[in-house]
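Here is a short note for someone opening this structure for the first time. The points are numbered so that they can be checked one at a time.

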Amino acid sequence: MLSRNRKARYTAPLPGIGRSTFAPRDLLAEALAGMLQRPARSALTMLGTVLGVGAFVAVLGLTATASSQIDSRFNVLSATEVTVEDIAHEQNEFADAAFPDDASDRVERLNGVRHAGVLWTVRPRQGATELAVTAAPVGDTGGEALNVVAAAPGALRAAEPRLSQGRLYDDFHTGTRQRVTVISSGIAARLGITTLETEPAIFIGGQPFTVTGIIEDVQRQPDVLLSVLVPQTTAVELWGRPTQGARMLIATDLGAARQVAGEAPTALRPDHPEYFKAVPPPDPKSLRTSITSDLEQLFLLLAGVCLVIGAVGIANTTLVAVLERTGEIGLRRALGAQRRHVTAQFLAESGTLGAFGGLIGTAVGTLAVLGVALIKDWTPVMHPVVLATAPLIGLVTGVVAGIYPARRASSVQPAEALRG
C-alpha cells in the first residue's frame, strides 16, 4: 500500500490529455521515503560504498601527504650524496688506480662539499675474497671471514655514523698509518667485544688492530655496518693499492650535489677526468612519481574492491525491495505510472543510497588523512578535485547498481501484481 507520506502525483493518460508525469520533487521524496522505511538496512547497504569512497579519499590524501614528506626527507639526506666511481680500468686496461693520494683534499676544496673520502674493499695479496678477522691471534687461517673496507676519514664522516662507544679514526691515524679500526655493534657482538675501556684488539689477516670506535648506525652507505673499517694508508701498506672497485663518497650542502658531481672528476684528475664516473642523486620528482604510483595502484585497487562490494550490496537490497513491493508497484502502474516512472523511482533510491554513502565516505576518508597527519606530525595534503569527485563516485556506484533492479521493477505487470 502507498503510505500517506509517499504521495506520488500521477496524471492518468485520459483521451485528449497529455501523458502521465512524475515530478522530480516527488521522485526525490519517494527515494527518501524508501530509505527511511528501513533505516537499519539502508545504513548497512551504504556501508560498502562508505568504505569504498572512504578508501579512495584516504588513499589519494595519504599518498599526496606522503609525497611531500618523501620530497623533504630526500632533500635532507639523499639529495646531498654524491658517489664517484673509479672506471679507469674500463677506459684503459693498463691504467692504475685513478684516485690520487690527496683525493679527499682535492674534492673537499670544492664549493658545497662538506666531507669526502675514498673507500674500497680490501683484497688480500693471496687473492682470497675476504680476510679472516678474529679477536685472538690465530693467524690468517682462523677466525671469521669478514668484509674489510679501507676508508679515508672523510668517507667515514660523509657516512654520518652514530657511535655507541669510542671515536672514529682521523687524519692523524691515517697520516701515521696506525693500525686502528672501527667496527659496527653487530660485528663487535660477534667478536665478543662489549667495551672499549680495555682497548681491545682484533686481528685482520693475522695483523693486530686496535678498535677505536663502535658504530651503532649510519645515515649513508649502510653496507659499512657489515664491514671492518681501517685507514686507507694502512690498508695500502699491508695489502697494496686497489686495482679496481674504489669509490669516493661525498656529502654536500643542500642543492650542491649536481654541481659537485660535475666538478669532482676534473678536480681529481684534470688530465684524465674520464677515469671517473660521478653519480649524482636521482631527481626527487622521478623518485616521488615512482613511489606514489606504486602506492596509488595498490590502494586504489583495494578501494575499487570496496566499491564493487558496495555496489553489490546496493543492487541486492534494491532487488529485495522490488520483490517485497511488487503489490505497490502494480498499484502504481494501475494508477497511471509508466515503466519509466517505476525505473526512475528505484534508480533514485539506489542513487540516493550511493550518494549518501559517498558523502559519508568522503568525510571518513578526510578524517583518516587528518588523523594520520596529526599522529605523524605531517602537513596534510588534500586535492579539492578528490573531495569534489568522491561523492559523485558514490552516486554513480548507486545508480549503476540499481539498473538491473529498476528494470526488473518496471517489467512488473499491474494485473499480475494486483492478483498476487
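**Notes on the predicted model**

1. Leu-36 has its place in helix α1. Is Leu-36 buried or exposed? Its relative accessible area is 64%, and the cut-off for exposed is over 50%, so Leu-36 counts as exposed. Please keep in mind throughout that this is a predicted model.

2. Leu-36 belongs to a nonpolar patch on the surface, together with Leu-28, Leu-32, Phe-356, Leu-359, Ile-360 and Val-364. The accessible area of these residues together is about 630 Å². Two elements, α1 (24-37) and α12 (339-376), each give two or more residues to the patch. The most come from α12, which supplies four residues.

3. How far apart are the end C-alpha atoms of α12? They are separated by 55 Å. With 38 residues at 1.5 Å a residue, α12 should span 56 Å, so the expected span and the distance in the model agree.

4. The residue that follows α12 is Asp-377, in the loop between α12 and α13. Asp-377 is not a glycine, yet its phi is positive, near 60 degrees. Its relative accessible area is 68%, so Asp-377 is exposed.

5. Gln-221 is another residue other than glycine with a positive phi, here near 50 degrees. Where does Gln-221 lie? The loop between β8 (207-218) and β9 (227-230) holds it. Gln-221 has 14% relative accessibility, and buried means under 20%, so Gln-221 counts as buried. A reader checking backbone angles may want to look at both Gln-221, with phi near 50 degrees, and Asp-377, with phi near 60 degrees.

6. Helix α13 covers residues 384-401 and includes Ile-393. The relative accessible area of Ile-393 is 21%; the buried class ends at 20%, so Ile-393 is classed as partly exposed. Ile-393 and Thr-49 are 344 residues apart along the chain, while their C-alpha atoms are separated by 9.1 Å.

7. Turning to the interior, the largest nonpolar core has 44 residues. Which residues have the most contacts inside this core? They are Ile-202, Met-248 and Ile-250. Helix α9 (residues 257-268) gives the most to the core, namely five residues. A second core, separate from this one, has 17 residues, including Ala-158, Leu-168, Val-218 and Leu-229.

8. Met-248 deserves a point of its own. Leaving aside residues up to four places away in sequence, Met-248 touches Val-82, Thr-83, Val-84, Phe-99, Ala-103, Ser-104, Val-107, Ala-116, Gly-117, Val-118 and Leu-268.

9. Some totals for the protein chain follow. The chain has 15 helices and eleven strands. Of its 420 residues, 45% count as buried. The chain exposes about 21,400 Å², and 59% of this area is supplied by carbon and sulfur atoms.

10. What share of the contacts with a separation of 6 or more joins residues 24 or more positions apart? In the protein chain, such pairs account for 81% of those contacts.

Definitions and conventions:
Residues numbered from 1 in each chain as written. Predicted model: local features only at pLDDT ≥ 70, side-chain atom pairs only at ≥ 80, totals over all residues. Heavy atoms only, no water. Core = buried A, V, L, I, M, F, W, Y, C linked by side-chain atoms within 4.5 Å. Buried < 20%, exposed > 50% of the residue type's maximum accessible area, 1.4 Å probe, protein only. Contact = heavy atoms within 4.5 Å. Patch = residues over 30% accessible without salt bridge, like charges linked within 9 Å, V, L, I, M, F, W, Y side chains within 5 Å. Areas by Shrake-Rupley, 256 points an atom, 1.4 Å probe, with all protein chains shown as cover. Salt bridge = Lys/Arg side-chain N within 4 Å of Asp/Glu carboxyl O. Expected span 1.5 Å × (residues − 1).
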